[in-house]
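Hello,

Here is the structure I promised to send you. Have a look at it first, and then read on for what turned up in it.

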Amino acid sequence: EVGPMGYQLLTKLIIGLHFLFLLYVVFGGFLAWRWPRMIWPHLAAAVWGAGIAVGVLECPLTAAENWARTQAGDEVPAAGFIERFVEGVIYPQQYTGRLQALAAAVILASWLGMYASHRRRRALTTTRGEMHH
């Protein structure tokens with residue numbers, strides 16, 4: 001049996017995963033500049049994150065955290081991860097809309113940069129191929 005302390009540790013790990021997911025949603029598109037195939041998991045994460053932000057999708061990490069808290073005998077918080085650990089903690093809550101727009105701009109910039117990088121690489125490959133003929 002795991003016991004309350006084990007579930008409390010699991011809760012903390014899930015909170016850490018939440019932060020990592022949030023960072024990946026915002027900045028993960030830059031990985032595709034180096035590894036173009038990384039655009040697909042990032043696209044999925046960004047769409048999922050946007051769905052959560054607008055309230056049409058539930059976050060499975062929040063559900064997992066709530067389950068672990070229940071198993072530990074702890075109270076399940078009424079607010080979600082963003083409300084408890086980001087809004088009003090990392091930045092004032094009244095800036096949420098602006099920061100969501102900024103996050104969307106960062107994501108879009110990462111995708112546009114990946115596209116431009118991919119096109120440059122293709123152009124270089126094509127140019128090099130033509131030089132050998």
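Let's start with one residue, His42, which is found in helix α3 (residues 39-54). Helices here are DSSP runs of H or I with at least four residues, strands are runs of E with at least two, and both are numbered from the N terminus. Is His42 buried or exposed? His42 is buried, because its relative accessible area is 0%; buried means under 20%, exposed means over 50%, and partly exposed lies in between, with a 1.4 Å probe and protein chains only. Which residues does His42 touch, once those up to four places away in sequence are not counted? They are Tyr24, Val25, Gly28, Gly29, Ile107 and Trp111, where contact means heavy atoms within 4.5 Å.

Before you go further, two notes on the model. This is a predicted model, in which local features need pLDDT of at least 70 and side-chain atom pairs count only at pLDDT 80 or more, while totals for chains, interfaces and linings use all residues. Residues are numbered from 1 along each chain as its sequence is written, and side-chain values use heavy atoms, with hydrogens and water left out.

Now for the whole chain. The protein chain has six helices and zero strands, so please don't hunt for a sheet; by the definition used, only runs of E with at least two residues would be strands. Its C-alpha atoms fill a box of roughly 70 × 40 × 25 Å along the principal axes. The radius of gyration of the protein chain is 20 Å, whereas a compact globule of 133 residues would have one near 14 Å. That radius is taken over C-alpha atoms, and the globule rule is 2.2 Å times the number of residues to the power 0.38. Of the 133 residues, 29% count as buried. Among contacts with a separation of 6 or more, 67% are between residues 24 or more positions apart.

How confident is the predictor? The protein chain averages a pLDDT of 91, and 95% of the residues score at least 70; pLDDT is the predictor's confidence in each residue, from 0 to 100. Among the elements, helix α1 (residues 4-27) has the highest mean pLDDT, 96, and helix α6 (residues 96-131) the lowest, 86.

Three more residues are worth a look:

- Met38 is in the loop between α2 (31-34) and α3. It counts as partly exposed because its relative accessibility is 28%. Leaving aside neighbours within four places in sequence, Met38 is in contact with Tyr24, Leu31 and Ala32. Met38 and Met114 are 76 residues apart in sequence, yet 10.0 Å apart in space, C-alpha to C-alpha.
- Asn66 lies in helix α4 (residues 60-72). With a relative accessible area of 22%, Asn66 is partly exposed. Its contacts, neighbours within four places in sequence left aside, are Val76 and Pro77. From Asn66 to Pro77 the distance is 7.8 Å, C-alpha to C-alpha, and the two are eleven residues apart in sequence.
- Ala103 has its place in helix α6. Why does Ala103 count as buried? Its relative accessible area is 19%. Along the chain, Ala103 and His118 are 15 residues apart, and 22 Å separates their C-alpha atoms.

Enjoy exploring, and write back with any questions!

Best wishes
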